[in-house]
Amino acid sequence: SQLFIKDLHFDGVPMRIYLPREPSASKRRGVIFIHGGCGIFGSIRTYERICRYTARKSDSVVVSVGYHLAPEHKYPAQTLECLTATVHFLKTAETYGVDPARIIVCGDSVGGTFTASVCQELGQRTDVPKIRAQVLIYPFLQALNFNLPSHQKNADVAFLSRERTVNFILKYLNKGCFLKEPILAGSHVPESINLKYRKWINPDLIPDVLKLGYKPPLPTLFLPQVHEEVQELFEPWVSPLLAEDAVVCSLPDTCIVTCEHDVLRDEGLLYKKRLEDNNIHVTWHHVEKGFH
């Protein structure tokens with residue numbers, strides 16, 4: 001009763017918009033919400049309650065992006081649709097009573113990945129209003145190292161185990177499951193790439209209090225044939241943590257949410273450090289007893 005809800009298409013991308021019915025004296029804030037589900041499941045309907053709650057409690061206009069799922073719609077269709085929908089809303093925000101200067105992009109899990117990618121793509125563009133902030137809720141941000149402290153500690157946690165994470169990535173990219181074991185071992189990454197990104201993806205950057213029980217993995221044999229099969233893993237659209245500093249320094253204010261019992265916990269922490277190193281304002285919320 002408090003919201004007007006309507007299904008739309010933004011340049012061909014399915015959307016659901018949640019507009020507070022109460023008149024506002026000024027233009028409202030806007031929230032672009034990108035749902036999780038590893039790019040292969042989840043929907044606007046799955047996240048109906050959280051979007052309604054956000055619109056009511058923050059008195060904001062919320063638009064939920066219904067990007068088409070993989071593997072039927074091949075990568076990078078999902079990122080491109082999220083980008084298309086975001087650009088459309090930024091350009092037409094005032095039509096919905098939204099201040100274009102007060103729009104955030106928000107997403108959980110792979111929705112956080114898509115959020116990070118959208119903000120990286122739009123950071124230096126001048127043809128659309130600047131995104132005010134990004135909210136990354138336990139995001140997936142890199143596919144180089146699956147042996148970080150949080151991967152080890154939470155390897156067998158229910159719902160999103162370490163192995164299932166890689167299985168979902170392979171399904172999203174339409175790759176064979178036979179690649180899972182060498183990727184888990186790190187055999188898909190040549191030494192040159194490991195050296196290049198060690199300054200950003202390194203267990204030494206994780207606070208000691210979160211590294212209890214961590215054991216550095218044994219060296220693994222690089223397998224060139226596996227590397228060739230999974231080139232997409234090294235692209236910032238899959239691994240936003242690998243974006244260059246020139247891209248990262250143009251990002252908006254950021255809120256990152258991590259959970260203690262989550263294999264992806266350390267990716268959020270590493271991205272937090274990268275952003276702060278590039279003078280981006282970051283708010284970090286850690287849920288000590290939280291799960292993915």
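A polar contact is a pair of N or O atoms within 3.5 Å; within protein, one of the two must be able to donate a hydrogen and the other to accept it. The exercises below apply this and related criteria to a predicted model.

**Exercise 1. The setting of Ser-109**

Determine where Ser-109 lies, whether Ser-109 is buried or exposed, and which side chain Ser-109 joins in a polar contact.

*Solution.*
Step 1. Locate the residue: Ser-109 sits in the loop that links strand E5 (98–108) to helix H3 (110–122).
Step 2. Assess its accessibility. The relative accessible area of Ser-109 is 9%, and the cut-off for buried is under 20%; Ser-109 is therefore buried.
Step 3. Examine the side chain. The side chains of Ser-109 and His-292 are joined by a polar contact of 2.9 Å, a value to be set against the limit of 3.5 Å.
Step 4. List the surroundings. With neighbours within four places in sequence left aside, Ser-109 is in contact with Gly-36, Ile-137, Tyr-138, Pro-139, Phe-140 and His-292. His-292 thus appears both in this list and in the polar contact.

**Exercise 2. The packing of helix H5**

Identify which residues of helix H5 (residues 162–172) are buried, and state which helices they pack against.

*Solution.*
Step 1. The buried residues of H5 are Arg-162, Thr-165, Val-166, Phe-168, Ile-169, Leu-170 and Tyr-172.
Step 2. Consider the spacing. An α-helix has 3.6 residues a turn, so residues three or four places apart point the same way.
Step 3. Find the partners: the buried residues of H5 pack against helix H2 (77–92), H3, helix H4 (149–153) and helix H6 (180–185).
Step 4. Inspect what comes after the helix. H5 is followed by Asn-174, which has a positive phi, near 60°.

**Exercise 3. The enclosed space**

State how many cavities of 30 Å³ or more the structure holds, and describe the lining of the largest cavity.

*Solution.*
Step 1. There are two cavities of 30 Å³ or more, and the largest cavity contains about 180 Å³ of space.
Step 2. Fifteen residues need not be listed in full: of the 15 that line the largest cavity, Cys-38, Val-110, Phe-140, Thr-165 and Ile-169 are the closest to its centre.
Step 3. Assign the lining to elements. H3 and H5 are the elements that give two or more residues, and H5 supplies the largest share, four residues. Thr-165 and Ile-169 also belong to the buried set of H5.
Step 4. Classify the lining: eleven residues are nonpolar, four are polar and none is charged.

**Exercise 4. Two open pockets**

Describe the largest and the second largest pocket by volume, by lining residues and by the element that contributes most to each lining.

*Solution.*
Step 1. The largest pocket holds about 660 Å³ of space, while the volume of the second largest pocket is about 510 Å³.
Step 2. In the largest pocket, 25 residues form the lining, and those nearest its centre are Asn-145, Asn-194, Arg-198, Pro-217 and Thr-220. Helix H7 (residues 191–197) provides the largest share of this lining, four residues.
Step 3. The lining of the largest pocket comprises 15 nonpolar, six polar and four charged residues.
Step 4. In the second largest pocket, 22 residues form the lining, with Val-31, Thr-54, Ile-104, Cys-106 and Val-135 nearest its centre. Two or more residues come from each of strand E3 (28–34), helix H1 (48–58), E5 and strand E6 (133–137); H1 gives the most, six residues.
Step 5. The lining of the second largest pocket divides into 13 nonpolar, four polar and five charged residues.

**Exercise 5. The cysteines**

Explain why Cys-119 and Cys-255 do not form a bond with the cysteine whose sulfur is closest to theirs.

*Solution.*
Step 1. Recall the criterion: the two sulfur atoms of a disulfide must lie within 2.5 Å.
Step 2. For Cys-119, the closest cysteine sulfur is that of Cys-106, at 10 Å, which is too far for a bond. Cys-119 is buried, because its relative accessibility is 2%.
Step 3. For Cys-255, the closest cysteine sulfur is again in Cys-106, at 8.3 Å, also too far for a bond. Cys-255 counts as partly exposed, at 23% relative accessibility.
Step 4. Check the whole structure: the search finds zero disulfides.

Key:
Residues numbered from 1 in each chain as written. Predicted model: local features only at pLDDT ≥ 70, side-chain atom pairs only at ≥ 80, totals over all residues. Heavy atoms only, no water. Buried < 20%, exposed > 50% of the residue type's maximum accessible area, 1.4 Å probe, protein only. Contact = heavy atoms within 4.5 Å. 1 Å grid on protein atoms, 1.4 Å probe; cavity = no way out; pocket = protein on both sides within 12 Å on 5 of 7 lines; lining within 4 Å. Points joined across faces, edges and corners; volume = space filled by probe spheres on them. Nonpolar A, V, L, I, M, F, W, Y, C, P; charged D, E, K, R; others polar.
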